[in-house]
Amino acid sequence: MKAHVSSILLGVRDMDRAKQFYTEGLGWKVKQDYGISVFFESDGASPVGFYGREGLAGLAGTSPEGSGFSGLVLTYVVRSEARVDEVMAEAEKAGATILKPAGALPWGGYGGTFADPDGYIWSLGYSEQAQDQPYAE
């Protein structure tokens, strides 16, 4: 198996709320809306989509119940500290919970984290030291 993710599916409790957060709040564009699942334009990266939480858990053969830290963090790498701040502000305005405000990171970069309305954690980051980052923008 290669170190590659073909797509990322997030199980959401409220499809309409999730779509509103990402489209109106963060400016994502819907590529395909199947009703029970939604996929967004990916700009060449791994596609991100939503599926109803219970349905996705059923497909995976597990329980939809869960709480606390899942062990999953989605990262979004940008090209400036200012863009980190802008995205954090966009997310907060859209209803995200700021978990760690943007600031200097222990390893020398700059970033912050937020949770979307379903609790998925996004880590935003920037580092002038790394030239081969998988930049999102």
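Asp-116 sits in the loop that runs between strand S7 (110–115) and S8, and in this predicted model Asp-116 is buried yet has no salt bridge, the nearest side chain of opposite charge being that of Arg-17 at 6.8 Å. What the side chain of Asp-116 does reach is the backbone nitrogen of Asp-118, at 2.8 Å. Beyond this loop, the briefing covers the salt bridges, of which the structure holds 5, the largest pocket, with about 900 Å³ of space, and the second largest pocket, with a volume of about 590 Å³.

**The loop between S7 and S8**

- Asp-118 lies in the loop between S7 and S8, the loop in which Asp-116 also has its place.
- With a relative accessible area of 13%, Asp-118 is buried, because the limit for that class is under 20%.
- The backbone nitrogen of Asp-118 is reached by the side chain of Asp-116 at 2.8 Å, while the side chain of Asp-118 in turn reaches the backbone nitrogen of Arg-13, at 2.8 Å.
- For Asp-116, the distance of 6.8 Å to Arg-17 is to be read against the salt-bridge criterion, which asks for a side-chain nitrogen of Lys or Arg within 4 Å of a carboxyl oxygen of Asp or Glu.

**Salt bridges**

- The side chains of Lys-19 and Asp-33 form a salt bridge, with an N to O distance of 2.8 Å; since Lys-19 belongs to helix H1 (residues 15–25) and Asp-33 to strand S2 (residues 30–33), the pair ties together parts that are 14 residues apart in sequence.
- Asp-33, the acidic partner in the pair with Lys-19, counts as partly exposed at 41% relative accessibility.
- Arg-83 meets Glu-86 in a salt bridge of 3.1 Å, N to O, and these two residues, being 3 residues apart in helix H3, are separated by about one helical turn.
- Arg-83 also meets Glu-137 in a salt bridge, here at 2.4 Å, N to O; Glu-137 lies in the segment after S8 and Arg-83 in helix H3, so this pair ties together parts that are 54 residues apart in sequence.
- Both acidic partners named for Arg-83 count as partly exposed, Glu-86 at 41% relative accessibility and Glu-137 with a relative accessible area of 35%.
- Taken as a group, Arg-83, Glu-86, Glu-90 and Glu-137 are linked in a network of salt bridges.

**The largest pocket**

- The largest pocket holds about 900 Å³ of space, and of the 29 residues that line it, Ala-45, Thr-75, Tyr-76, Trp-122 and Ala-136 are the closest to its centre.
- Two or more lining residues come from each of strand S5 (74–77), helix H3 (81–94) and strand S8 (121–126), and of the elements S5 gives the most, with 4 residues.
- By residue class, the lining of the largest pocket divides into 19 nonpolar, 4 polar and 6 charged residues.
- Trp-122, one of the residues closest to the centre of this pocket, is 9.2 Å from Leu-72, C-alpha to C-alpha, although the two are 50 residues apart in sequence.
- Leu-72 itself is located in the loop between H2 and S5 and, at 39% relative accessibility, counts as partly exposed.

**The second largest pocket**

- The second largest pocket has a volume of about 590 Å³ and a lining of 22 residues, among which Arg-53, Gly-66, Gly-68, Ser-70 and Tyr-120 lie nearest its centre.
- Strand S1 (8–12) and helix H2 (53–60) each supply at least two residues of this lining, and H2 gives the most, with 4 residues.
- The lining of the second largest pocket is made up of 10 nonpolar, 8 polar and 4 charged residues.

**A backbone feature at Asp-43**

- Asp-43 has a positive phi of about 50° although it is not a glycine, and the residue is found in the loop between strand S3 (37–40) and strand S4 (48–52).
- At 80% relative accessibility, Asp-43 counts as exposed, whereas Asp-116 and Asp-118 are buried.

Note on methods: Residues numbered from 1 in each chain as written. Predicted model: local features only at pLDDT ≥ 70, side-chain atom pairs only at ≥ 80, totals over all residues. Heavy atoms only, no water. 1 Å grid on protein atoms, 1.4 Å probe; cavity = no way out; pocket = protein on both sides within 12 Å on 5 of 7 lines; lining within 4 Å. Points joined across faces, edges and corners; volume = space filled by probe spheres on them. Nonpolar A, V, L, I, M, F, W, Y, C, P; charged D, E, K, R; others polar. Buried < 20%, exposed > 50% of the residue type's maximum accessible area, 1.4 Å probe, protein only. Lys, Arg positive; Asp, Glu negative; His and termini not counted. Polar contact = N/O pair within 3.5 Å; in protein donor to acceptor, adjacent residues only side chain to side chain.
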